[in-house]
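Hello,

Here is the structure I promised to pass on. Please open it alongside the notes below.

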Amino acid sequence: MSQGVRTRPEGSGRALSAAYDTALLDLDGVVYAGGSAIVHAVGSLATAREGGMHLAYVTNNALRTPDAVAGHLTELGIPTDAGDVITSAQAVARLISEQVPAGSRVLVIGGEGLRVALRERGLVPVESADDDPAAVVQGYGGPDLAWGRFAEASYAVARGVPWFASNTDLTIPSGRGIAPGNGAAVQVVRIATGAEPQVAGKPLPPMHRETILRTGARRPLVVGDRLDTDIEGAFNGEVDSLLVLTGVTDGALLLAAPPQHRPTYVDADLRGLLTGQPEVAEAGEGFRCGGWTATAGDGRLEVDGEGEALDGLRALCAAAWTAAGEGSCTLDAEKALARLGL
């Protein structure tokens with residue numbers, strides 16, 4: 001992947017599952033939401049796997065252990081080994097282990113996934129700021145995480161104990177909608193202490209390093225639903241990415257994306273792994289994809305034609321990103337997206 005400014009989604013004459021050796025798949029909003037499989041996910045992943053693509057599941061959610069995640073995926077009909085699950089808990093545990101002595105105590109604000117990852121690195125999870133921790137680690141602890149846990153973190157961080165966060169996603173998809181994520185919880189401790197944590201999860205390098213170390217991927221494709229974690233993480237790791245529109249990103253967010261948030265490919269869902277991707281080409285003063293032509297001008301984006309709505313969105317991306325250059329597109333896209341039914 002080139003680190004130049006992307007001005008349009010790329011095309012592919014081959015199915016993505018054949019063009020890349022490993023899919024680095026986000027979970028929430030890509031494979032499942034609220035515990036249930038997203039439509040087309042199970043069948044698409046089975047077909048990609050049968051075709052020889054290695055499937056690895058990369059999540060910023062530090063709550064569950066790899067064993068638990070693999071078990072859940074297997075129950076959904078996606079046979080998965082724990083070794084194919086990479087979590088931000090593992091990435092942050094490695095980061096901590098590189099900065100504190102072996103056997104150090106670490107104050108855990110989060111779930112079992114963090115505790116298992118710390119033990120894997122020879123560190124000792126503790127529950128209180130009075131347990132003389134060498135570090136504090138904070139990860140998503142689920143909706144029932146007690147408020148007092150944030151106080152424990154704040155006490156230790158205020159004393160100068162190094163503070164780490166698995167990730168800083170402000171939101172997380174659920175079966176009932178969008179819920180507060182670990183980033184919202186991190187903000188509580190930040191307000192109380194004025195400190196800043198070291199962060200391991202997507203889109204930052206520690207998570208990409210953990211993923212490559214554990215999967216051995218040579219030509220990976222990041223598959224995600226979030227621009228600010230999945231797609232930016234791929235950009236930082238200089239690898240290609242596929243955005244699926246089954247999670248938090250909608251058409252308006254995609255069109256306004258700055259360079260580090262622009263995916264290589266865009267598709268509706270995980271069926272996009274099984275197909276090639278249509279070319280977006282210049283057409284006069286605009287861009288054409290499939291039966292649609294998109295242009296930018298007079299303060300707004302416009303699209304004209306007919307066919308698959310996703311082709312129109314891809315053409316709009318080219319018009320918006322080209323107009324924005326190294327910034328974010330501020331042109332009005334409401335009518336163009338409505339024309340596509342998006």
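What follows covers a sheet, the helix across it and the nonpolar cores.

Please bear in mind that this is a predicted model.

Start with the sheet. It is open and has four strands, in the order 16-17-18-19. The pairing is antiparallel. Strand 16 (281–283) and strand 19 sit at the edges, each pairing on one side only. From one strand to the next, the twist averages 30°. Three bridges join strand 17 and strand 18 in the antiparallel sense. Arg288 has Thr293, in strand 18, as its bridge partner.

Next, helix 11. It lies across strand 17, strand 18 and strand 19. Its angle to strand 18 is about 25°.

Now the cores. In soluble globular proteins, nonpolar side chains tend to be buried together. The largest nonpolar core here has 28 residues. Leu254, Leu255, Leu301, Val303, Leu313 and Leu316 have the most contacts inside it. Elements that give two or more residues to this core include helix 9 (227–237), helix 10 (251–255), helix 11 (309–324) and helix 12 (334–340). Strand 17 (286–289), strand 18 (292–297) and strand 19 (300–305) also do so. Which element gives the largest share of this core? Helix 11 does, with nine residues.

Leu313 is worth displaying. Leaving aside neighbours within four places in sequence, Leu313 is in contact with Leu245, Gly251, Leu254, Leu255, Val266, Leu337, Leu340 and Leu342.

Another core, of 27 residues, lies apart from the largest one. Among its residues are Tyr20, Ile78, Leu242 and Tyr265.

Best wishes

Key
Residues are numbered from 1 along each chain as its sequence is written. This is a predicted model: local features need pLDDT of at least 70, side-chain atom pairs count only at pLDDT 80 or more; totals for chains, interfaces and linings use all residues. Side-chain values use heavy atoms; hydrogens and water are left out. A nonpolar core is a set of buried Ala, Val, Leu, Ile, Met, Phe, Trp, Tyr and Cys residues joined through side-chain atoms within 4.5 Å. Buried means under 20% relative accessible area, exposed over 50%, partly exposed in between (1.4 Å probe, protein chains only). Contact means heavy atoms within 4.5 Å. Two strands pair if DSSP finds at least two bridges between them. Axes are lines fitted to C-alpha atoms, for helices over the stretch in contact, and angles run from 0 to 180 degrees between N-to-C directions.
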